[in-house]
Amino acid sequence: SLSPFRTVWASSAVPETNLGLFSQRIQCRRLRHLMAPPELLEIAEHRCFKGTLYRFEHISPVLGDCTMKLSTFVPSGKGKFPGVIWLSGLTGTDESLAQRASSALEVAQELQLILIMPDTSPRGEGVPDEDPKAFDFGVGASFYVNATTQKYKKHYQMLDYITQELPSMVAAKLPLLQHRLGIMGHSMGGHGALVAALRYP
């Protein structure tokens, strides 16, 4: 399990809202994030294997106030459930496991586990990347560690994200037993899982 966890509060200047109607809605959603502790906003929901696959987005103070997406599978049943954080490999996204290995969701339903599937890195405007683009470093390739160099350290704090901010937000939104939370991953995600487990045994 991962411990301890803490909630990180958001702080940011109010962005300009002199935009089109669609952009204003996006800005209003962002403002809602910035005025409160990190909150998961549902953007998709699908029934599968008797459970529910959700997709959420949120503003992450830990990752420099960028917009993050994550997927979660919640089994059908009563009460709260233990969970597993799944970390995908290089160039993956929060949707990789559900799209490439959907049988994992079926197993999660049988075992009554919540699967938490974050993105592999921060993304979006202002998030630095390698130039020229490299598949094994930068966007899509965070290795789930905390960056220390000037270029990357504002946004690439993925170890803190997956061990502190992410579990707290999911537990506030979904029926997760936060004290019964494991972590696993594939390739780069396996590296991230080992680092997290050794740092927070």
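For sorting residues here, Ala, Val, Leu, Ile, Met, Phe, Trp, Tyr, Cys and Pro count as nonpolar, Asp, Glu, Lys and Arg as charged, and the others, Gly among them, as polar. Keep in mind that this is a predicted model.

**Exercise 1.** Work out how the residues lining the second largest pocket divide into nonpolar, polar and charged.

*Solution.*
- Start with the pocket itself, which has a volume of about 160 Å³.
- Next, list the lining: Trp 86, Ser 88, Gly 89, Leu 90, Gly 92, Ser 96, Leu 97, Arg 100, Ala 101, His 186 and Ser 187.
- Now sort them, and you get four nonpolar, six polar and one charged.
- Finally, check who gives the most: that's helix α2 (residues 96-100), with three residues.

**Exercise 2.** Lay out the order of the strands in the sheet and find which ones stand at the edges.

*Solution.*
- Six strands make an open sheet with mixed pairing, in the order β1-β2-β3-β5-β4-β6.
- β1 (41-48) and β6 (176-185) each have a single partner strand, so one side of each is left without a neighbour in the sheet.
- Going from one strand to the next, the twist averages 20°.

**Exercise 3.** Describe what joins β4 to β6, and which helix lies across both.

*Solution.*
- β4 (residues 81-87) and β6 run parallel and are joined by six bridges.
- Look for Trp 86, one of the pocket-lining residues: opposite it stands Met 184 in β6.
- Helix α5 (residues 188-199) lies across β4 and β6, at about 135° to β6.

**Exercise 4.** Say how confident the predictor is over the chain.

*Solution.*
- The mean pLDDT is 86, with 82% of residues reaching 70 or more.
- Over residues 1-18, though, the pLDDT is below 50.

Technical notes. Residues are numbered from 1 along each chain as its sequence is written. This is a predicted model: local features need pLDDT of at least 70, side-chain atom pairs count only at pLDDT 80 or more; totals for chains, interfaces and linings use all residues. Side-chain values use heavy atoms; hydrogens and water are left out. On a 1 Å grid over the protein atoms alone, a cavity is a set of points where a 1.4 Å probe fits but cannot get out, and a pocket is an open set with protein on both sides within 12 Å along at least five of seven lines; lining residues have an atom within 4 Å of a point. Grid points are joined across faces, edges and corners, and a volume is the space filled by probe spheres set on the points. Helices (H or I, at least four residues) and strands (E, at least two) are DSSP runs, numbered from the N terminus. pLDDT is the predictor's confidence in each residue, from 0 to 100. Contact means heavy atoms within 4.5 Å. Two strands pair if DSSP finds at least two bridges between them. Axes are lines fitted to C-alpha atoms, for helices over the stretch in contact, and angles run from 0 to 180 degrees between N-to-C directions.
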